[in-house]
Amino acid sequence: MKYISSPKKPLHFPVMLKEVLKISQADKGGLFVDCTFGSGGYSNAILSFPKTKVIALDRDLNTKIYADKTKKINKNRFTFFNIKFSEINKIINKNTKADCIIFDLGLSSLQISNLKRGFSFNSKGKIDMRMGLNSINAQDVLNNLDIKTLSDIFKFFGDERDAYKIARNIVKLRKNNPINSVPDFVKIIEKSKKKNFKKKINISTQAFQAIRIFVNKEITELIEGLINASKLLKEGGIIIVVTFHSIEDKIVKFFFRNFSSNQSRGSRYYPDKNKTRILFENYKNIILRPEANEIKINNRSRSAKLRFAVRSKDEFFNPKDLKNKFSHLMELENIYAK
Ligand SMILES: C[S@@+](CC[C@H](N)C(=O)[O-])C[C@H]1O[C@@H](n2cnc3c(N)ncnc32)[C@H](O)[C@@H]1O
């Protein structure tokens with residue numbers, strides 16, 4: 001079966017689709033929430049099983065063309081909302097309980113390959129990086145934030161060794177020449193970093209990732225999204241998250257591990273072991289990665305990690321420690337709102 005959706009080019013290969021279908025038990029039917037519809041790879045595959053219903057979300061309005069196509073074929077079994085997944089509880093009634101909720105984080109190939117959107121360092125256009133429903137773009141960030149905030153963004157969201165140097169050069173050079181295009185930003189990164197021929201990734205990768213995370217408040221989105229999704233899962237319902245970088249994976253791991261029955265209390269942030277209520281059953285800390293042949297056809301999948309957890313029978317409670325643990329990152333992302 002071919003799950004990759006058209007219309008026209010370019011294609012997005014749904015990452016670890018086989019694994020998602022197996023873990024979600026789509027063949028048994030039920031209500032599925034696809035929090036990151038993209039071009040519909042997961043949703044269409046789930047809907048190919050007759051007893052399924054899918055509610056899908058995406059913050060990018062450009063995905064609606066794919067959602068309309070899915071809707072045409074699955075009239076009564078598919079609904080799409082152009083919202084951010086942090087707001088999932090605004091569209092799903094709290095009495096509706098889902099069998100499975102799925103997050104496939106980051107960008108789709110459609111977003112990366114649209115050079116007008118400025119996500120790719122190969123673009124020659126404006127530096128934008130908005131996924132959709134944003135209040136700021138990358139140009140605002142690079143031309144307005146102070147050196148300390150820029151440096152923190154590169155350090156915390158990009159794990160960038162030369163965070164301060166890049167921030168210093170941005171502030172120095174933008175005085176005479178505002179940073180408007182992708183090449184403007186790439187030039188500053190190249191000026192700030194020594195070439196490391198051993199490194200396999202492009203010299204701009206980490207700085208680009210950092211600005212993208214900040215512009216889209218991806219950490220806040222993930223934390224709020226995970227919490228709100230857990231409210232909507234039925235007992236025994238499954239939450240699946242596919243991550244693409246270490247910050248995302250750390251957040252998901254912390255959440256599943258520390259709010260499950262086999263939690264370990266290794267930090268002051270961890271909930272008390274004796275707590276009687278939990279959100280997830282017996283979390284096993286299993287990480288699935290794409291098979292070699294998937295990476296061969298879709299190189300983007302190489303950094304994917306899939307984690308999943310099963311909702312317990314306990315009533316939902318607010319997992320405050322999740323926000324406490326990552327509060328420094330959430331505060332940094334929300335600096336504009338202050
Ligand atoms: C990796 S793609 C998903 C691809 C999809 N699984 C498929 O098979 O086509 C991620 C999608 O999630 C969307 N997205 C990212 N963050 C989001 C958020 N906070 N809320 C809603 N959608 C989001 C992006 O716009 C993008 O379309």
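In this predicted model, the buried residues of helix H12 are Ile247, Glu248, Asp249, Ile251, Val252, Phe254, Phe255, Phe256 and Asn258. The helix itself, spanning positions 246-258, contains 13 residues. From its first C-alpha to its last, H12 reaches 18 Å, close to the 18 Å expected at 1.5 Å a residue.

Asp249 deserves a closer look. This residue belongs to H12 and has a relative accessible area of 7%, so it counts as buried, the cut-off being under 20%. Once its neighbours within four places in sequence are set aside, Asp249 is found in contact with Thr243, Lys305 and Arg307.

H12 also takes part in the lining of the largest pocket, to which it supplies at least two residues. Helices H7 (147-158), H10 (205-216) and H15 (327-333) likewise each supply at least two residues to this lining. Of the contributions to the lining, that of H10 is the most, with 5 residues.

As for the pocket as a whole, its volume comes to about 1,200 Å³, and 34 residues line it. Nearest the centre of the largest pocket lie Thr205, Gln209, Arg212, Phe244 and Ser303. For readers interested in the chemical character of the lining, its residues divide into 13 nonpolar, 13 polar and 8 charged.

Note on methods:
Residues are numbered from 1 along each chain as its sequence is written. This is a predicted model: local features need pLDDT of at least 70, side-chain atom pairs count only at pLDDT 80 or more; totals for chains, interfaces and linings use all residues. Side-chain values use heavy atoms; hydrogens and water are left out. On a 1 Å grid over the protein atoms alone, a cavity is a set of points where a 1.4 Å probe fits but cannot get out, and a pocket is an open set with protein on both sides within 12 Å along at least five of seven lines; lining residues have an atom within 4 Å of a point. Grid points are joined across faces, edges and corners, and a volume is the space filled by probe spheres set on the points. Helices (H or I, at least four residues) and strands (E, at least two) are DSSP runs, numbered from the N terminus. Ala, Val, Leu, Ile, Met, Phe, Trp, Tyr, Cys and Pro count as nonpolar, Asp, Glu, Lys and Arg as charged, and the others, Gly among them, as polar. Buried means under 20% relative accessible area, exposed over 50%, partly exposed in between (1.4 Å probe, protein chains only). Contact means heavy atoms within 4.5 Å. The expected span of a helix is 1.5 Å times one less than its number of residues.
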